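Thanks for coming, everyone. I would like to walk through one structure with you, slowly, and explain each term as we reach it.

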Amino acid sequence: FWEDQKERTEEASQISAKVRVSYQGRGGKKISGNGRLVLQPDQKLRLELRDPLGRIHYLAALTDGHFVAHYPRQKLAYIDDKAGGADVRAFLGIAFNFSDLHSLMLGSLPGRFAKATFETWHFDKPTHTYRGLLTVGDYRVLATVDAGSAALRALELSSKAGKITLDYSAFEPCCHGITASHSVRVAQVVDLKLDRARTSLSIEWEKIGPLDKARPAEVVRLRVP
């Protein structure tokens, strides 16, 4: 599992992807759109989402911890130097930053869990999965891991703030190893739900491929009008 996590992080360190995002928040608020994500080494990231008419309604960029989220149609923006932690908390009610959220969507545990040790680890024969439990700080993490590919099939993160559940499905070879005989397998569909915040986020990866060359600095550092 940890070997797969390491390879997954390396393969997905420089990618370009098409994605469909669906978000449902408090009070029935819904946002959905098609978008494109560009990720470069050192967690330099840009995400843009467009509505069904092709209009940009969300832009986000992260570089060196500096995060900008821009809503052009509402003439609103959020800026911080904490990798977007407060913006993610406002939308989803979880104490993760934008980079953590992106990692989870690609089936990788955020960096804070990378050096943890599983307290329990057992094989579930009916589902052909391993189930492991680890604790980091206030978080209790229950991971369901595919016995064949070592990819996460489900993840449950519990803390004082509530419980987050993620379900991963429709796995395909990913990123730089797409044409290789061995490659990490990434879930094309990821569903995230938060019980206490009553919010949910669904990601459908339509195409993930290697980024041929690094994008200019201005691509991952937005300037808000």
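Asp4 and Arg8 are both buried, where buried means under 20% relative accessible area, exposed means over 50%, and partly exposed is in between, computed with a 1.4 Å probe on protein chains only. Their side chains meet in a salt bridge of 3.0 Å, N to O, a salt bridge being a side-chain nitrogen of Lys or Arg within 4 Å of a carboxyl oxygen of Asp or Glu. Because Asp4 and Arg8 are four residues apart in helix 1 (residues 2-11), about one helical turn separates them. When I say helix or strand, I mean DSSP runs numbered from the N terminus, with H or I over at least four residues for helices and E over at least two for strands.

Before going on, please keep in mind that this is a predicted model, in which local features need pLDDT of at least 70 and side-chain atom pairs count only at pLDDT 80 or more, while totals for chains, interfaces and linings use all residues. Residues are numbered from 1 along each chain as its sequence is written, and side-chain values use heavy atoms, with hydrogens and water left out.

How many salt bridges does a search of the whole structure find? The search finds five. One of the other bridges joins the side chains of Glu48 and Arg46 at 3.4 Å, N to O, and both of these residues are buried. Arg46, Glu48 and Arg50 are, moreover, linked in a network of salt bridges.

Glu48 also leads us to the strands, since Leu59 in strand 4 is the bridge partner of Glu48. Strand 3 (residues 44-50) and strand 4 pair in the antiparallel sense over six bridges, and two strands are said to pair if DSSP finds at least two bridges between them. These two strands form a hairpin with five residues between them, and in the turn Gly54 has a positive phi of about 90°. On to the next neighbour: strand 4 pairs with strand 5 (residues 66-71), again in the antiparallel sense, over five bridges, and there Ala60 has Ala69 in strand 5 as its bridge partner. The hairpin of strand 4 and strand 5 has two residues between the strands, and Asp64 takes a positive phi near 50° in it. Is strand 4 enclosed or open? Seven of the eight residues of strand 4 (residues 56-63) are buried, so this strand is largely enclosed by the rest of the structure.

Helix 3 (residues 98-105) gives a similar picture, because eight of its eight residues are buried, so it too is largely enclosed by the rest of the structure. At its N-terminal end Asn97 acts as a cap, with a side-chain oxygen 3.0 Å from the backbone nitrogen of Ser99, and just after the helix Gly107 takes a positive phi of about 80°. Within helix 3, Asp100 is buried, with a relative accessible area of 10%, and Asp100 forms a salt bridge with Arg112, the closest N and O atoms being 2.8 Å apart. Arg112 sits in the loop between helix 3 and strand 7, 12 residues from Asp100, and counts as partly exposed at 37% relative accessibility.

Let us turn to aromatic rings. A search of the whole structure finds 12 aromatic pairs, where rings of Phe, Tyr and Trp (its six-membered ring) pair if their centres lie within 6.5 Å, and planes under 30 degrees apart count as stacked, over 60 as edge-to-face and the rest as tilted. Phe67 and Phe98 form a tilted pair, with 4.9 Å centre to centre and 40° between the planes. Since Phe67 lies in strand 5 and Phe98 in helix 3, the pair ties together parts that are 31 residues apart in sequence. Both Phe67 and Phe98 are buried. Phe96 and Tyr139, in turn, form a stacked pair, 5.5 Å centre to centre with 25° between the planes, and both of those residues are buried as well.

Last comes the core. The largest nonpolar core has 52 residues, and those with the most contacts inside it are Tyr58, Leu155, Leu157, Leu166 and Trp205; such a core is a set of buried Ala, Val, Leu, Ile, Met, Phe, Trp, Tyr and Cys residues joined through side-chain atoms within 4.5 Å.

Note on methods: A polar contact is a pair of N or O atoms within 3.5 Å; within protein, one must be able to donate a hydrogen and the other to accept it, and residues adjacent in sequence count only if both atoms are side-chain atoms.
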